[in-house]
Each structure stands twice: as C-alpha cells, then as structure tokens.
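Q: Please take a close look at the part of this model where protein and DNA meet, and set out the contacts in detail. A description of the sheets and the aromatic rings may follow.

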Protein chains: 2
Amino acid sequence: MKLERKDEILKYIVEEFIETAQPVGSKTLLEKYKLNCSSATIRNAMAELEKEGMLEKTHVSSGRVPSAQGYQYYLDHLDNSALMNSVDMEFQREFQEVLNSRSKSVEDVLSRSCQMLSEMTNMATVVLGPKATEELLVSLQLLRLTEKTAMFIFITDSGYVEKKTFVINNKDGVTFSALSTAIAMLSERLVGTKISELEGKAKALEPIFIQTFGRGGDVVLQAFLDALISFAKKRFQVYGQKNLLSLPEFSSDKESFLSAFDALQDPHNLEKNFAQHDDIGSNVNVAFTNDKKGDFAIVSKPLNSKDSIAIVGPKRMDYKRVLSALEYVVYMLDKYYFSTPASSSSLIPVSEVSNVEIMKENKKKPAKKVAKKGGKK
Amino acid sequence: MKLERKDEILKYIVEEFIETAQPVGSKTLLEKYKLNCSSATIRNAMAELEKEGMLEKTHVSSGRVPSAQGYQYYLDHLDNSALMNSVDMEFQREFQEVLNSRSKSVEDVLSRSCQMLSEMTNMATVVLGPKATEELLVSLQLLRLTEKTAMFIFITDSGYVEKKTFVINNKDGVTFSALSTAIAMLSERLVGTKISELEGKAKALEPIFIQTFGRGGDVVLQAFLDALISFAKKRFQVYGQKNLLSLPEFSSDKESFLSAFDALQDPHNLEKNFAQHDDIGSNVNVAFTNDKKGDFAIVSKPLNSKDSIAIVGPKRMDYKRVLSALEYVVYMLDKYYFSTPASSSSLIPVSEVSNVEIMKENKKKPAKKVAKKGGKK
DNA sequence: GGTTAGCACTCAACTTTTTGAAGTGCTATG
DNA sequence: CATAGCACTTCAAAAAGTTGAGTGCTAACC
C-alpha cells in the first residue's frame with residue numbers, strides 16, 4: 001500500500017468527519033474526493049489505518065471515525081504555513097472593525113475578540129488568567145458605600161480587581177474611620193506581597209492591630225483575611241459555551257453537554273492542557289482531554305505574559321479554521337496591544353492606525369507550528 | 001357544582017402537574033388525593049374549570065394542564081401564612097452555615113445564597129442590580145499596571161466596579177503622569193455625577209484638556225468617554241442556569257433551552273417582570289413572561305434598596321418551595337446584612353450571632369403576600 | 001506485489017403496524 | 001347534584017418490517 005495514499009486517505013477521512021460528523025465510508029470518500037483508485041482499495045487502506053490505531057469504528061459495519069491518535073497525526077501533518085493565509089476575509093474585516101472600535105480598552109477588545117472567535121468557530125472560547133494567588137497585591141483600598149456598608153478593593157499587578165463589601169456596625173469602636181486607619185496600615189505593609197503570602201504576613205500584624213484598636217482590630221483583620229481566602233481563583237472568562245449545544249456531539253446527549261458546561265464553569269481544571277507561557281509567541285497548542293469530565297480538544301495560545309486564550313470544543317472541530325483564527329487574533333492583539341513597536345503611536349495605538357492591515361499575501365506571517373501535547377489518557 | 005370542591009380540584013391539579021409534569025387525569029386525581037366523589041364528578045368539575053380558562057388540554061382526550069390563569073389563581077389562593085414555616089430544615093441549617101461562614105462579605109454570602117437557592121429549587125437564580133447608567137460615580141482612579149499599560153477604575157455608589165485597561169505609548173506627551181493629572185482633574189469634576197450624564201459633562205471639559213495637554217488631552221478624554229459607552233449595563237449575576245436543562249420543559253427541546261439561556265444572558269430584558277423597589281420589604285412578586293423569548297415564571301423580591309433577587313424557571317415550578325425559600329433567604333439576608341437593628345453587633349454582624357436562629361415555630365414571620373402581576377400576554 | 005470487482009453479511013435508522021393505557025364526553029339512573 | 005357505565009379518542013411504546021450504507025473477504029487481474 002502506497003504510504004502517500006494512506007496519508008491522504010486519513011486526511012480526507014478526518015476532514016470529512018469534521019465536516020459531517022458522520023462515520024466516513026469508502027464509497028463516500030471515493031465520490032467526494034477524487035482518488036484514482038477503487039472503493040475496495042480505500043477499504044484496504046482503512047483497514048490498515050485502523051490496525052495502526054488511527055481510525056475507529058462505531059460498530060462492525062459502520063464507516064470510520066478518527067481516533068485521538070488520528071487527529072493528532074492529522075494535526076502534526078497540517079500544512080501550517082498555509083493556515084495563516086486562510087483566515088476568512090470577512091472575519092478579518094470584522095475583526096479590524098473591533099480593533100478600530102470606539103472603546104479600545106483591553107477588556108472590551110478582548111471580549112469582543114472572543115465573541116467573534118466563538119461565533120466563527122462555533123466553539124467556546126476561554127480567556128484564562130494567572131491564578132490570583134500567584135499575583136502581587138498592588139492596591140488595597142477601602143471605600144464607604146453607605147452609612148452602614150464599606151467595600152474593600154484589592155487589585156493585583158495584572159489588573160485583577162476584587163471587591164468585598166461588608167456591613168459596618170458602629171460598635172466596639174469599629175467605625176469607618178478606624179477601619180480606614182487599619183486599611184491604610186495594612187496597605188502600607190502589604191502592597192507588593194504575593195496574594196498567597198498575604199495571609200501569613202497579615203497574621204503577623206495582629207498584635208499591632210489589637211494594640212491599636214483593641215478587640216475591634218482583631219475583627220477587622222479576621223474579616224480581611226476571610227475575604228482573602230475566597231479571593232477568587234477564577235481568573236477567566238468564557239464565551240459562547242452555548243454554541244456547544246448546537247454540535248451533534250453534545251446536543252444528542254444531555255449529560256455530555258452538562259459535563260462540558262461544568263468543565264467550562266471552572267476552566268482552571270483545564271489549565272494543565274493550556275499552552276505554557278514558556279514558549280510565548282511561538283506555538284499554538286492542541287491538547288485533548290480524556291477524563292470523566294468529558295472529551296475535549298483545547299486549542300490554546302499565550303496571549304501575553306499572563307493570559308492565555310483557548311478555543312474549547314469536541315475533538316471533532318475544524319482545526320484549520322480554529323487554528324488560523326486563533327493564530328490571527330492573537331497575532332493581531334499582540335501586535336496592536338501587547339507589544340508596542342517603536343513605529344506605533346500615542347495612547348491607544350490602534351486609533352492611529354486607521355487601516356489595520358489585512359493579511360492576504362503573507363509578508364510577515366508569524367512563526368507557526370503546532371505543538372504536540374498529549375492529554376492524559 | 002360545589003365551589004369549594006372545584007377550588008380544591010384545581011389546586012390538586014396544579015400540584016400534581018407541578019410534581020409530575022404530566023397532564024392530570026380524573027382517575028389519577030381520585031386515587032392520589034382522597035376526594036370523596038367519583039371520577040365522573042371530577043371530570044365535570046374539570047370541564048367547568050376548562051371553560052373558565054383555568055385548565056387546558058394538550059389534545060382532546062388528554063388529561064388537563066393548568067393554564068397561566070390557573071397558575072395565577074393557584075398563587076392567589078395559596079396559604080401564604082403557612083409558607084414561611086415550610087422551609088426545609090436541612091436547607092435552613094445549610095443556610096445558617098453560609099451566614100456563619102468565614103468570609104462574610106456581601107458578595108460571598110450573596111453568591112452562596114444564590115447557589116443554594118438554585119440547587120434547592122432546581123431553577124436559575126438571578127441577582128439584578130440597578131442599571132449602572134442610573135448610578136453615581138463615586139470614584140475614578142488611574143492605576144499603572146506595567147510600563148505600557150494603565151487601568152482606569154470606575155466605581156459607582158452601589159459598589160459596582162468597572163475597569164478599563166489601556167496601552168500607553170509615550171508619544172505626543174501622553175505620559176503616565178500627564179494621564180494621572182488628567183484623571184485627577186476629571187475625578188474632581190465628575191465624582192458625584194450620574195453615569196448617564198457623565199458623557200455630556202466630560203465633553204464640556206474638552207477645551208480645558210486641550211489647553212492643558214495639547215492634542216494628547218483630547219485623546220485621553222476621548223478614550224475615557226469611549227470606555228464609558230461600554231460601561232456595562234450588565235449589573236447581574238446568574239446562577240444555576242444549567243439546572244433548567246434537567247427540566248422536562250427544556251430538556252426535550254433544545255430550542256427552548258437556548259432561548260432560556262439567551263434570556264438569562266441578559267436578564268435586563270426580564271427586568272420589567274421583576275419586583276419593583278417601591279414596595280420593598282413587602283411582597284414576593286410572581287410574573288409570567290409570554291413572548292418569543294420563551295415562557296417563564298419569574299419569582300422575585302427586592303433584596304435591598306438597589307438589587308433584586310429572582311428565581312427563574314418554567315411556569316411549572318414548585319411555588320410553595322420557591323416562594324418560601326426566596327422569602328426565607330431574603331428575610332435572613334435583610335435581617336443580618338441589609339438592616340442593622342440596634343441589637344446586632346460589630347463589624348460583621350453575623351459573626352457574633354454564633355447561632356443564627358432557625359425558624360421552626362413562627363414567632364416573627366415577616367409580612368408575606370403574593371402580589372399579582374400579569375406578564376404581557 | 002498492489003488493485004479491483006463482486007458478493008454475502010451486518011447493523012443502525014427509518015417506517016409502519018399493533019397494542020394498550022389513560023383519558024374524555026355523554027347518558028341514564030339514584 | 002353525583003355517579004356508574006360505555007363508546008370513543010389519542011398518544012406512546014413496542015414490535016415488525018424495510019432500507020441503505022457500510023464492511024470483509026475472495027478470486028481475478030495487471
């Protein structure tokens with residue numbers, strides 16, 4: 001059996017299955033893709049590919065479906081250099097509009113980017129930030145909201161903001177102004193500390209507090225520490241998870257959708273499947289999960305030094321589309337937001353670039369390589 | 001036909017349907033509830049109730065299903081005084097634990113409360129805040145994140161925090177310190193302004209900015225205004241929407257779940273069906289929606305002067321359970337968080353109340369009345 | 001060796017038929 | 001006004017039959 005043809009057949013099967021979500025048969029393959037051989041030959045090739053673990057059958061007389069290994073092989077042999085130029089023009093145009101949109105805050109642009117990614121890929125998109133506990137406290141404030149309520153505001157070095165509102169009751173000398181003093185004191189000592197080390201460091205201040213405020217100081221400190229414990233580990237945003245419901249792999253079976261939904265409720269579970277920041281700027285990472293929580297493909301890429309962006313869906317996804325779209329979006333965001341080349345302009349760089357370039361001929365396409373990364377089996 | 005019996009039959013039908021989600025027949029009714037009459041009598045009553053618009057049939061020889069009007073009647077005639085005491089003991093115990101939990105910030109307690117409500121009612125729970133645009137700006141800050149990025153932080157009088165990160169590029173004199181001065185200036189003039197009026201008011205400052213900063217000031221101001229425009233209207237949290245998927249009304253039909261999901265993506269659409277704050281502290285409101293977006297019941301109650309909490313699900317929901325749970329939770333939250341009776345204690349009131357009371361015998365049950373409010377038909 | 005035509009077999013998916021349970025309305029009677 | 005009885009309706013689920021896409025294998029062919 002010619003190796004070349006076998007590869008080709010595998011590729012076609014993967015693509016056909018990606019498109020139709022139906023097991024692929026030898027005849028269909030023959031008709032749709034012009035292979036100059038007969039269906040019997042294709043069947044032979046398929047039998048071999050199955051033996052090699054690239055394909056699977058749903059039942060003895062069904063067509064073939066790619067296995068995880070099959071997808072992996074497909075991904076490893078994708079023509080990456082062509083991907084970047086395959087980004088849909090319409091998408092590029094729309095994305096350009098986002099970059100030129102009125103509000104150019106990182107939050108707004110990122111959120112709209114993700115919505116667009118979700119929409120065009122019909123998958124869920126996740127932006128995953130670093131664990132808040134690994135970040136540094138850069139600001140600790142107290143704000144009076146009403147007569148009886150006050151709000152702590154914690155801000156970390158990557159701009160994560162967490163607020164905690166408390167009810168104050170002017171007893172035991174816990175007045176707003178006392179609180180204010182306490183927080184100023186805490187702020188002075190704790191800004192610059194890693195969140196995870198905050199508790200220990202704050203605890204050490206307890207004697208000072210009790211000395212200064214009496215018993216009330218104790219309570220303040222405890223409340224502060226308690227608030228910290230629930231300091232969100234959730235540094236993520238999920239977009240378009242409802243898209244998954246329209247996919248055949250989830251719509252047929254309620255359970256699987258729910259488990260996908262759950263997994264996306266707390267994507268930190270998926271974190272180990274994300275691209276690492278070590279190789280920032282280089283690769284798109286494709287990982288497959290395979291646990292009780294479900295069976296996903298996670299296509300991810302570091303977005304900047306802290307965050308990653310990922311497209312999450314079933315293994316059967318249009319990788320060409322997904323990889324190229326993600327690559328494109330990250331490239332553009334990086335270019336216009338996260339790096340600031342000398343050539344670019346003032347406060348909001350994009351505002352000056354009235355016509356964001358559209359990549360059609362590849363002049364300076366970024367390095368692109370799909371990295372392997374096996375999910376735990 | 002005895003009126004009393006008819007009422008009773010309607011009530012049983014509603015409750016049976018709530019429980020089983022199946023059309024209710026005369027025989028079932030007779031067997032399950034001890035009505036001292038025959039099935040034929042029940043049938044006659046049902047025929048009358050149908051004529052009055054309380055019941056509907058799914059097809060000519062099916063059992064009966066309550067109509068919206070039927071539910072309304074049922075709700076109007078619920079024995080409200082008994083509800084408050086019907087809250088599940090286990091739930092009360094668990095809720096007490098939440099109130100006594102380590103972190104007593106309003107955010108944490110509220111979020112856990114809603115999770116509990118969702119879980120016990122198997123519905124979605126929504127906390128809806130006021131429109132951000134109707135609130136006052138109480139703080140406007142600038143924070144340097146990295147060499148190249150800075151973050152605006154807006155805070156409104158109800159403690160809503162919004163952040164916008166921008167990339168700074170030291171050109172045209174737009175340095176961080178210039179920005180800082182600008183924001184200080186803006187802050188001085190704009191704090192206390194209603195968000196919706198901010199834009200106009202800021203615009204008036206443009207000449208001053210241009211004069212002070214030259215062209216750069218212009219850009220800053222514009223960026224600021226643009227960020228405002230996307231200042232989230234979304235002041236809400238949704239919990240447990242995945243529960244809806246397990247309900248027969250949604251699980252059978254993907255479309256209906258999606259429309260429910262969509263409706264919950266932006267609950268401000270549902271806002272008109274929420275309890276009004278005029279009658280704060282008084283009533284639980286039950287409203288039915290009936291539009292293209294779907295068919296829900298919304299059981300809501302003002303939580304404090306700003307926010308409302310609502311349980312959202314299909315019209316077929318266990319109203320006794322839902323009403324009592326919501327009533328209970330809001331009552332407890334109000335008691336320990338939003339009002340601060342003289343009796344209560346220091347910084348975080350609940351921390352002192354080591355054993356939050358459990359209502360078993362009704363001593364001081366709050367005023368309770370179900371308000372009518374027709375959804376638009 | 002690789003390729004192909006042909007054939008028997010498998011199995012899921014769809015359609016049709018059958019059956020039974022749950023329900024109603026109506027009528028005559030207590 | 002309530003009830004027993006009966007004829008009729010409808011849906012849902014099971015059973016039975018039909019179809020079609022797919023396979024593996026064998027024998028022949030280049």
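A: The answer below treats the DNA surface strand by strand, then the sheets and the rings.

This is a predicted model, in which local features need pLDDT of at least 70 and side-chain atom pairs count only at pLDDT 80 or more, while totals for chains, interfaces and linings use all residues. Residues are numbered from 1 along each chain as its sequence is written, chains are lettered from A and ligands numbered from 1 in the order in which they are written, and side-chain values use heavy atoms, with hydrogens and water left out.

DNA strand C is surrounded by 22 residues, and the closest are Arg5(A), Ser38(A), Thr41(A), Ser61(A) and Ser26(B). Here a residue is near a molecule or strand if one of its heavy atoms lies within 4 Å of it. On the DNA side, sugar or phosphate accounts for 83% of the atoms of strand C within 4 Å of the protein, and bases supply the rest. The residues of this surface comprise six nonpolar, eleven polar and five charged. In that division Ala, Val, Leu, Ile, Met, Phe, Trp, Tyr, Cys and Pro count as nonpolar, Asp, Glu, Lys and Arg as charged, and the others, Gly among them, as polar.

Both chains contribute helices to the surface near strand C: α3 (39-51) of chain A, and α2 (26-32) and α3 (39-51) of chain B, each supply at least two residues. The largest share, four residues, is that of α3(A). Helices (H or I, at least four residues) and strands (E, at least two) are DSSP runs, numbered from the N terminus.

Individual side chains reach both backbone and bases of strand C. A polar contact is a pair of N or O atoms within 3.5 Å; within protein, one must be able to donate a hydrogen and the other to accept it, and residues adjacent in sequence count only if both atoms are side-chain atoms. An N or O atom in the side chain of Arg5(A) is 2.7 Å from a phosphate oxygen of strand C. For Ser61(A), the partner of a side-chain N or O atom is a base oxygen of strand C, at 2.6 Å. From the other chain, a polar side-chain atom of Arg43(B) lies 3.1 Å from a base oxygen of strand C.

Arg43(B) also has a contact with DNA strand D, where an N or O atom of its side chain is 3.2 Å from a base oxygen. Strand D has 22 residues around it, the closest being Ser26(A), Thr28(A), Arg64(A), Thr41(B) and Ser61(B). The side chain of Thr41(B) places an N or O atom 2.4 Å from a phosphate oxygen of strand D, and a polar side-chain atom of His59(B) lies 3.3 Å from a sugar or linking oxygen of strand D. Of the strand D atoms within 4 Å of the protein, 81% are from sugar or phosphate and the rest from bases. The surface near strand D divides into six nonpolar, eleven polar and five charged residues. Its largest share, four residues, comes from α3(B), and α2 (26-32) and α3 of chain A, together with α3 of chain B, each give at least two residues.

The sheets come next. In chain A, three strands form an open antiparallel sheet in the order β4-β5-β6. β4 (137-144) and β6 (161-167) of chain A stand at the edges with a single partner strand each, so one side of each has no neighbour in the sheet. Two strands pair if DSSP finds at least two bridges between them. Seven bridges join β5 (residues 149-156) of chain A to the antiparallel β6(A), and Ile155(A) has Val161(A) as its bridge partner in β6(A). In chain B, an open antiparallel sheet of three strands also has the order β4-β5-β6. Seven bridges join β5 (residues 149-156) of chain B to β6(B), with Val161(B) as the bridge partner of Ile155(B).

Finally, the rings of Phe257(A), Phe261(A), Phe257(B) and Phe261(B) are linked by ring pairs into a cluster. Rings of Phe, Tyr and Trp (its six-membered ring) pair if their centres lie within 6.5 Å; planes under 30 degrees apart count as stacked, over 60 as edge-to-face and the rest as tilted. Over all chains there are 22 aromatic pairs.
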